[in-house]
Amino acid sequence: MMGANKIRTKYVCSNCGAETLKWMGRCPQCGEWNTLEEQVEAPVPKRIAVSEDYLTPSRPQKLSSIQFNGNERILLKMTEIDRPLGGGIVPGSVILWGGEPGIGKSTLILQICHAMASQGQGVLYCSGEESEIQIKLRAERLHVNDDNCFIYAGSNIESILKEAETIKPSMLVIDSIQTMYLSGVESPMGSPAQIRDCTSALVRFAKKMNVSVMIIGHVTKEGNLAGPRILEHMVDVVFYLEGDRSYQFRVLRTVKNRFGSTSESGLFIMEGNGLRGIEDPSGYLLRNRTASTPGSTVAACMEGLRPVLVEIQALSVHSVLAIPRRIAAGCDYNRMIILLAVLEKRNHIHFSTDDVYLNVAGGFKIRETAADLAMAVSLISVKKDTPIPKDLMALGEIGLTGEIMAVSKIGPRLKEAMKMGFNHFILPDANRKEVLDFFQSNRGNIENSIRFVKKLQDVIDILF
Ligand code: TYD
Ligand code: MG
């Protein structure tokens, strides 16, 4: 018995949750530096103070005897959320909403609360971050004022679950998991052990009571959920709300979904009265585009299953610095460096004494190589001080030898481009068949304004 009660110290990695007995500078499991945190391991309490119901293990049941009453999903009537969810909220599901502080998680969830409450579904919104008054102020801004929406400012999971048992809501919101604690767990609030145990109590509650639980979680600078990765394994759906806080554009990205596809995403604009779903993201992102200026090109990127047109802007000026400056906003910095190297080596376009800036207008983040060619064209265009025709689109991935490689989903990209008035295309030769099939089935007369290219040099010969 003595041994069982002994208090021991262990070190837990705040990134991956790995445990060691000795402190180390680097986590032996995930390789992150300086993430091991001391934790005092108290004797395991016999019973965590949560209602016994969520802790008793269930017995095996015959598959044929398990009742399933059609569990209809609850449609929020917010298209940009219902679709990524796979067609509304599945009762009893646990959904994790990750995102940087200030990006709009609490705002979005409060809007979801309203969507639920206005359909007569009870909601309990628990916040460990804000007071009731602060939440009320936000709700006023969002014009949310529902009788069956309950607000609770508190951090103790046992009390929250007790209240939830009384109120019996259809949805329980936890804002945020980093500010919650279970009194049976010794570690401090926000530690991997607290986050893990609070989440597992919430998951059991969700499943036993058939209540949907929304868990909000902050992400670190690197973009991971603060706290152990296991959080993502414990829940049914993981969403990340992403965007640049200096812009209004937001993307709800699906990282995991047990009830739907992860290729769906939601697109929003943050306005004075909350987040509004956008149906025409290309129109929104290109709204400020004026007459052709050197350095500006449009690319068609895929955001989940949706094509989105974005303007890529490049600027290069002679540098006065020993090491020229390179800045990439909205696209991958390393990708830009590679493209500059390819242009320098393969096409003899020299940037080595220039400061180079690459920017994606409107706060969109490019995450695929299909926009390589548009990025390169923008760079060459500014370098040569030659504008690109406003209705021209270039698509393609660029290899290190300067070859242009095929892009995926070329059909939807071209369709969106044509919708937005583009009718001159520079496309990878490797996509030729798909492209010709596409134009045959969509509009036959455009073939002469398509140029197929194999090398970056072909593009330069056509445009400059
Ligand atoms: P918030 O939802 O508090 O972010 P999070 O919970 O992810 O930390 O949103 C914070 C920002 O959103 C804040 O800077 C103000 C802005 N905002 C709007 O632009 N419009 C709105 O209607 C609301 C409620 C907030
Ligand atoms: Mg918040």
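These legends go with an overall view and several close-ups of a predicted model of one protein chain with a bound ligand.

**View 1. The whole chain, a mix of 13 helices and 21 strands.**
Let's start with the full picture before zooming in. The C-alpha trace spans about 80 × 50 × 50 Å along its principal axes. Of the 464 residues in the chain, 51% are buried. If you take the contacts with a separation of 6 or more, 67% of them link residues 24 or more positions apart. The accessible surface comes to about 22,000 Å², and carbon and sulfur atoms account for 52% of it.

**View 2. Ligand 1 with the 16 residues that surround it.**
The closest of these residues are Gly102, Ser106, Thr107, Glu271 and Gly274. Three elements, α3 (105–117), α4 (132–141) and β11 (265–271), each bring at least two residues to the shell. Helix α3 has the largest share, with three residues. Sorted by class, the shell holds seven polar, five charged and four nonpolar residues.

**View 3. Polar contacts to oxygen atoms of ligand 1, with Ser106, Gly274 and Ile103 picked out.**
Ser106 uses its side chain here: one of its polar atoms sits 2.7 Å from a ligand oxygen. Gly274 works through its backbone, with a polar atom 2.7 Å from an oxygen of the ligand. Ile103 also takes part through a polar backbone atom, this time at 3.3 Å from a ligand oxygen. As for cover, ligand 1 would expose 560 Å² if taken alone, and the protein buries 75% of that.

**View 4. Gln134, a residue of helix α4.**
Here's a look at one position in a helix that also supplies at least two residues of the shell around ligand 1. Gln134 has a relative accessibility of 42%, so it counts as partly exposed. For a sense of scale, find Ala153, which is 19 residues away from Gln134 in sequence. Their C-alpha atoms are 10.0 Å apart in space.

**View 5. Ser187, in the loop between β7 (171–175) and α6 (192–209).**
Is this loop serine buried or exposed? Ser187 is buried, because its relative accessibility is 9% and the cut-off for buried is under 20%. Looking past residues up to four places away in sequence, you'll find Ser187 touching Gln39, Ala193 and Gln194.

**View 6. Cys13, Cys27 and Cys30, cysteines without a disulfide.**
A search of the whole structure turns up zero disulfides. Why is there no bond between Cys13 and Cys27? The closest cysteine sulfur to that of Cys13 belongs to Cys27, but at 3.8 Å it is too far for a bond, because a disulfide needs the two sulfur atoms within 2.5 Å. Cys30 is in no disulfide either, and its nearest cysteine sulfur, again that of Cys27, is 3.7 Å away. As for accessibility, Cys13 is buried, with a relative accessible area of 0%, whereas Cys30 is partly exposed at 30%.

**View 7. Ser282 in helix α8 (residues 281–285).**
Ser282 has a relative accessible area of 0%, so it counts as buried. What does its side chain reach? The side chain of Ser282 gets to the backbone nitrogen of Leu309, at 3.0 Å. Leu309 also appears in the contact list of Ser282, together with Pro307, Val308, Glu416 and Met420, once neighbours within four places in sequence are left aside. If Val407 is in your frame too, its C-alpha is separated by 19 Å from that of Ser282, with the two positions 125 residues apart along the chain.

**View 8. Leu343 in helix α9 (residues 333–347).**
This leucine is buried, with a relative accessibility of 0%. Apart from residues up to four places away in sequence, Leu343 touches His348, Ile349, Phe351, Ala376, Leu379, Ile380 and Leu456. For a longer jump along the chain, look for Gln457, which is 114 residues from Leu343 in sequence. In space, C-alpha to C-alpha, Leu343 and Gln457 are 9.3 Å apart.

Key. Residues are numbered from 1 along each chain as its sequence is written. Chains are lettered from A and ligands numbered from 1 in the order in which they are written. This is a predicted model: local features need pLDDT of at least 70, side-chain atom pairs count only at pLDDT 80 or more; totals for chains, interfaces and linings use all residues. Side-chain values use heavy atoms; hydrogens and water are left out. Helices (H or I, at least four residues) and strands (E, at least two) are DSSP runs, numbered from the N terminus. Buried means under 20% relative accessible area, exposed over 50%, partly exposed in between (1.4 Å probe, protein chains only). Contact means heavy atoms within 4.5 Å. A residue is near a molecule or strand if one of its heavy atoms lies within 4 Å of it. A polar contact is a pair of N or O atoms within 3.5 Å; within protein, one must be able to donate a hydrogen and the other to accept it, and residues adjacent in sequence count only if both atoms are side-chain atoms. Accessible areas come from the Shrake-Rupley method with a 1.4 Å probe; for residues, only the protein chains shown count as cover. Ala, Val, Leu, Ile, Met, Phe, Trp, Tyr, Cys and Pro count as nonpolar, Asp, Glu, Lys and Arg as charged, and the others, Gly among them, as polar.
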